[in-house]
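Please look over the sequence and the model below before reading on. The briefing that follows starts with one cut-off and then moves through the structure topic by topic.

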Amino acid sequence: MLNDPLANALSIINNKEKQGQDYCNLKPSSTLLKNALEILNKEGYVGTFKENEDSKGNWLKVNLIGNVNSTGVIKPRFSITKGGFEKYEKRYLPAKNIGIIIVSTSQGLMTHTKAKEKKIGGRLIAYCY
């Protein structure tokens, strides 16, 4: 039994990218995972993904394009105000304007740059660069 499916999925993506593979299968599928993968796809870190179904449940096949250097979840899920992003950018990202932090806000999941533009806070979910 998995305690954190998102952490498991990001770990698999990280490992498969380091191995140089073209795709990976993520199990189980969840709404949070699909939304996070959509953000990673829009930002150009992973390719397209497709949800498949078998007798044991749904799973995702993700095409990897070789753009992920590191990815992971942020635990505990820190609360963040609209002006407090810089502290966590320094902590989780390698340099300014490199990488993204995925934030859960009242308007859904988004990158930290979009949250700064909209001047809203939320909870930190994951990072990728």
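A residue is called buried when its relative accessible area is under 20%, and it is called exposed when that value is over 50%. With this in mind, Asn52 counts as buried because its relative accessibility is 16%. The model is a predicted one, and the points below should be read in that light.

**The chain as a whole**

- The protein chain holds four helices and eight strands, and from the N terminus on these elements follow the order α-β-α-β-β-β-β-α-β-β-α-β.
- The radius of gyration of the protein chain is 15 Å, which is close to the 14 Å that the globule rule gives for 129 residues, so the chain is as compact as a globular protein of that length.
- Taken along the principal axes, the box filled by the C-alpha atoms of the protein chain is roughly 45 × 30 × 25 Å.
- Among the 129 residues of the protein chain, 39% count as buried, while the chain exposes about 7500 Å², with 45% of that area supplied by carbon and sulfur atoms.
- If one takes the contacts in the protein chain with a separation of 6 or more, 59% of them are between residues 24 or more positions apart.
- The protein chain has 20 positive and 11 negative charges, and the mean positions of these two groups are 6 Å apart.

**Strands β1, β2 and β3**

- Strand β3, which covers residues 57–64, pairs with strand β1, residues 23–26, in the antiparallel sense over four bridges.
- Strand β3 also pairs with β2, again in the antiparallel sense, and here the pairing runs over seven bridges.
- A hairpin of two residues leads from β2 to β3.
- Lys61 of β3 is the bridge partner of Asn25, and Lys61 is likewise the bridge partner of Lys50.
- Asn52 is part of strand β2, which spans residues 46–54, and, once its neighbours within four places in sequence are left aside, Asn52 is in contact with Gly57, Asn58, Trp59 and Lys61.

**Leu40 in helix α2**

- Leu40 belongs to helix α2, residues 31–42, and its relative accessible area of 3% is under the 20% cut-off, so Leu40 is buried.
- Not counting residues up to four places away in sequence, Leu40 touches Leu10, Tyr45, Val46, Ile100, Ile102 and Cys128.
- One of these partners, Ile102, is 62 residues from Leu40 in sequence, and the two C-alpha atoms are 9.0 Å apart in space.

**Cis peptide bonds**

- Lys27 and Pro28 are joined by a cis peptide bond with an omega of about -5°, and Pro28 is placed in the loop between β1 and α2.
- A cis peptide bond also runs from Lys75 to Pro76, with omega near -5°, and Pro76 sits in the loop between β4 (71–73) and β5 (79–80).

**Positive phi in loops**

- Asn97 is not a glycine, yet its phi is positive, near 65°; this residue is found in the loop between α3 (85–92) and β6 (100–105), and its relative accessibility of 74% makes it count as exposed.
- Lys119 is not a glycine either, and its phi is positive at about 60°; Lys119 lies in the loop between α4 (112–118) and β8 (122–128), and it counts as exposed because its relative accessibility is 60%.

Key:
Residues are numbered from 1 along each chain as its sequence is written. This is a predicted model: local features need pLDDT of at least 70, side-chain atom pairs count only at pLDDT 80 or more; totals for chains, interfaces and linings use all residues. Side-chain values use heavy atoms; hydrogens and water are left out. Buried means under 20% relative accessible area, exposed over 50%, partly exposed in between (1.4 Å probe, protein chains only). Contact means heavy atoms within 4.5 Å. Two strands pair if DSSP finds at least two bridges between them. The radius of gyration is taken over C-alpha atoms; the globule rule is 2.2 Å times the number of residues to the power 0.38. Accessible areas come from the Shrake-Rupley method with a 1.4 Å probe; for residues, only the protein chains shown count as cover. Lys and Arg count as positive and Asp and Glu as negative; His and the chain ends are not counted. The place of a charge is taken as NZ of Lys, CZ of Arg, CG of Asp or CD of Glu.
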